[in-house]
Amino acid sequence: MSGSLEIAAVTKTFRSGGPWGETVRAVDDVSLNVADKPTVLSLVGESGSGKTTLARLILGLLQPTLGTIRVGDYEVGRMRGRAARQAFMRDVQPIFQNPYDTFNPVRPVTDALFETAQNLTGASRRQAEALVAEALKTVGLELSEVEGKYQNAFSGGQLQRLSVARALIPKPKLIVADEPVSALDASLRMTVVNLFAELRDTLGISFVYVTHDLSTAYYISDQVAIMHRGKVVEAGAADRVLTHPEHDYTRRLVAAIPQVGVKWDDDFDAGVA
Amino acid sequence: MPELLTIEGLSATYTRRGLSPVKALTNVNFSLVPNEIVGVAGESGCGKSTLLKVLSGLLRPPLKIEQGDVALHLKGQRIAVTNAREMSRVRWKNISYIPQSSMSVLNPVVRIGKQFGWVVAAHAHLSRADTDARIRSFVERVGLPERVLRSYPHQLSGGMRQRVVIAMATFLHPQLVLADEPTTGLDVVVQRSVLKLIRTLQREFGMTVLMVSHDMGIHYQVSDRTVVMYAGSVAETAPTEALFKKPLHPYTQRLIASLPRLGDEEKRESITGSPPNLAAPPPGCRFHPRCPAVMEHCKRVDPPLIEVKPRHFVACHLYPEPDSAQPAATPRARA
């Protein structure tokens, strides 16, 4: 299979709680395509824009209300049988925002890695060890350095590298990373961001990078989709969308980034709602 | 210009029985003068929030001042932040606080208008009707509809709540406002308008705002002067423009160079390593294990903060002291 991604007219609605609950269209008629070559696609938007919901739909953690999502040969959520679902989980792996939530605090971090190896690839304990060691090596860590340690022994940046290593174990084609660097300090962020670009180039893995940070999105993405109130308002090559935005909302978003080197106008509220 | 707040040789620790104390602040020196926005930048664990706690006089165990002196200077009167009684007298009126999460300071079951009244009643001696009218016009002044006064906190958006808290903090025109990551959690478009509000009110009332933020971009946009902290000490402080144009400390240089920018494809690298554990900080300069320009000297001697250029202070052995006999300088300059 390949890492191609095809999102066709996907809508996801939720009902808010209570007897008078309203229907919320978290993702509203979204279509996006990522070609069958290693690509970083950023889903950029503010809170409530639907970017996380869309990421969870791609991972198969949620079912679309309408529309279909295809990753390679799979139609997400329509796999028949345990074997097919496992194959999908090997090919499409998640990385979450808070690495402290990814790892169980009362168990060694390596447990999560061994579990991924054994559950998804059917490897024996010894084979799992080889897989884990290899994945750790890819992110610049040694098994002997991390084995038996708990999450509190690591900084956020190191833990997020461990979550990347965990995701790499089943040799995925597509990694969906939901705000993977927002919990990290500025001085550590670029390590993880650069790692994604490196994995795309060396291992041919595609990424869906979900973020509210337009600067890092510009930095690593090939393609960008700007989301606003559940809709994709503008999508295309990252360079074009972020340096020559066409949609009014994208323009406002770009204008509001506190960028070093580009001073806001003196009346820096102009044009900002 | 007379100083509004002075911080001299401040060291503070978090002490817990059976564990080695965490040295959250070590020998911090700087001061604030009236009518400026001073940004405090740094990563998590650099001591910026501890600094705000000390400045606002919220000194409860396990936080303890080990050394140093922090004082407000109000109309010739000197108030040490450790003086709890005096501090509660001037709180809101002369020194106020904008928190990171507006939800944590607003009472969720009391309407905004009533909570606003509490803040005012404790300090301003105005009639009830007069107060109400002033609050109404001030709320409009910060760009909120009057109806927010009849609303409960959960009925407002994050940006509106942050405006409410800013209005409360500035209503009595305090000389000093401490803002702790005032726009964290807000979307960028709202963030820009909230920062603009803070700057407009600051200029209008001639207040001093000490704004803590991890986002260097925000300091670039808003702060007149920026203080860069690393591992509990001030690494560098300068007028914001000078700091970004020519950062002197290797940490500041690396931090600024690691920020990606739109339209710039150049490869960005993180600073190698991680910030130190403050329960057992490295000897000498605390940045030395991560510093690309490290010298033998750096591993043993903690560099003092010295004024290298007018109003530009840096704590780094790359910049020798002009007069070696001088003790650690105290930045208190503002031309």
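This is a short tutorial dialogue on reading a predicted model with chains A and B.

Q: Let's begin with the folds. How many helices and strands are there in chain A, and how many in chain B?

A: Happy to start there. Chain A holds 11 helices and 10 strands. In chain B the tally is 9 helices and 12 strands. Please keep in mind that the model is predicted.

Q: How do I read a radius of gyration, and what is the value for chain A?

A: The idea is to set the value beside the one expected for a compact globule with that number of residues. For the 273 residues of chain A the expectation is near 19 Å, and the chain has 19 Å, so the two agree. Its C-alpha atoms fill a box of roughly 60 × 45 × 40 Å along the principal axes.

Q: What does that comparison give for chain B?

A: With 335 residues, a compact globule would come out near 20 Å; chain B has 21 Å, which agrees. Along the principal axes, the box filled by the C-alpha atoms of chain B is roughly 70 × 50 × 45 Å.

Q: Now burial and surface. What share of the residues of chain A is buried, and what share in chain B?

A: A residue is called buried when its relative accessible area is under 20%. By that rule 54% of the 273 residues of chain A are buried, and in chain B buried residues make up 53% of 335. As for the surface, chain A exposes about 11900 Å², with carbon and sulfur atoms supplying 48% of it. Chain B has an accessible surface of about 14700 Å², and 52% of that belongs to carbon and sulfur atoms.

Q: How much of the contact network joins residues at least 24 apart?

A: Take the contacts between residues at least 6 apart in sequence, then ask how many of them join residues at least 24 apart. That share is 65% in chain A and 63% in chain B.

Q: How many positive and negative side chains does each chain have?

A: Count both signs, then look at where the centres of the two sets lie. Chain A has 29 positive and 32 negative side chains, with centres 8 Å apart. Chain B has 42 positive and 28 negative side chains, and there the centres lie 6 Å apart.

Q: Let's zoom in on a helix. How far apart are the end C-alpha atoms of α8 in chain A?

A: First, the general idea: an α-helix has 3.6 residues a turn, so residues three or four places apart point the same way. Now the case here: helix α8 of chain A covers residues 186-203, and at 1.5 Å a residue its 18 residues should span 26 Å. The end C-alpha atoms are 26 Å apart, so the span agrees with expectation. In α8(A), 13 of the 18 residues are buried, so the helix is largely enclosed by the rest of the structure. Just after α8(A), A:Gly204 takes a positive phi of about 70 degrees.

Q: Which residues other than glycine have a positive phi?

A: Most residues other than glycine have a negative phi, and most peptide bonds are trans. Among the exceptions is A:Arg229, with a positive phi of about 50 degrees. A:Arg229 sits in the loop between β9 (223-228) and β10 of chain A, and it is exposed at 66% relative accessible area. Another is B:Trp92, whose phi is near 75 degrees. The loop between α2 (84-90) and β6 (95-98) of chain B holds B:Trp92, which is partly exposed at 27% relative accessibility.

Q: And where is there a cis peptide bond?

A: Look between B:Pro61 and B:Pro62, where omega is near 5 degrees. B:Pro62 belongs to the loop between α1 (48-55) and β4 (63-74) of chain B.

Q: Finally, how do I read the surroundings of a strand residue, and what does A:Val233 touch?

A: Set aside the close sequence neighbours and see what remains. A:Val233, in strand β10 (residues 231-237) of chain A, contacts A:Ile226, A:His228, A:His247, A:Tyr249 and A:Thr250 when neighbours within four places are left out. Its relative accessible area is 23%, so A:Val233 counts as partly exposed. A:Ala8 offers a second case, in strand β1 (residues 5-15) of chain A. Beyond four places in sequence, A:Ala8 touches A:Val30, A:Ser31, A:Gly67 and A:Thr68. A:Ala8 is partly exposed as well, at 29%.

Terms used:
Residues numbered from 1 in each chain as written. Chains lettered and ligands numbered in written order. Predicted model: local features only at pLDDT ≥ 70, side-chain atom pairs only at ≥ 80, totals over all residues. Heavy atoms only, no water. Helix = DSSP H or I, 4+ residues; strand = E, 2+ residues; numbered from the N terminus. Rg over C-alpha atoms; globule rule 2.2 N^0.38 Å. Buried < 20%, exposed > 50% of the residue type's maximum accessible area, 1.4 Å probe, protein only. Contact = heavy atoms within 4.5 Å. Areas by Shrake-Rupley, 256 points an atom, 1.4 Å probe, with all protein chains shown as cover. Lys, Arg positive; Asp, Glu negative; His and termini not counted. Charge placed at Lys NZ, Arg CZ, Asp CG, Glu CD. Expected span 1.5 Å × (residues − 1).
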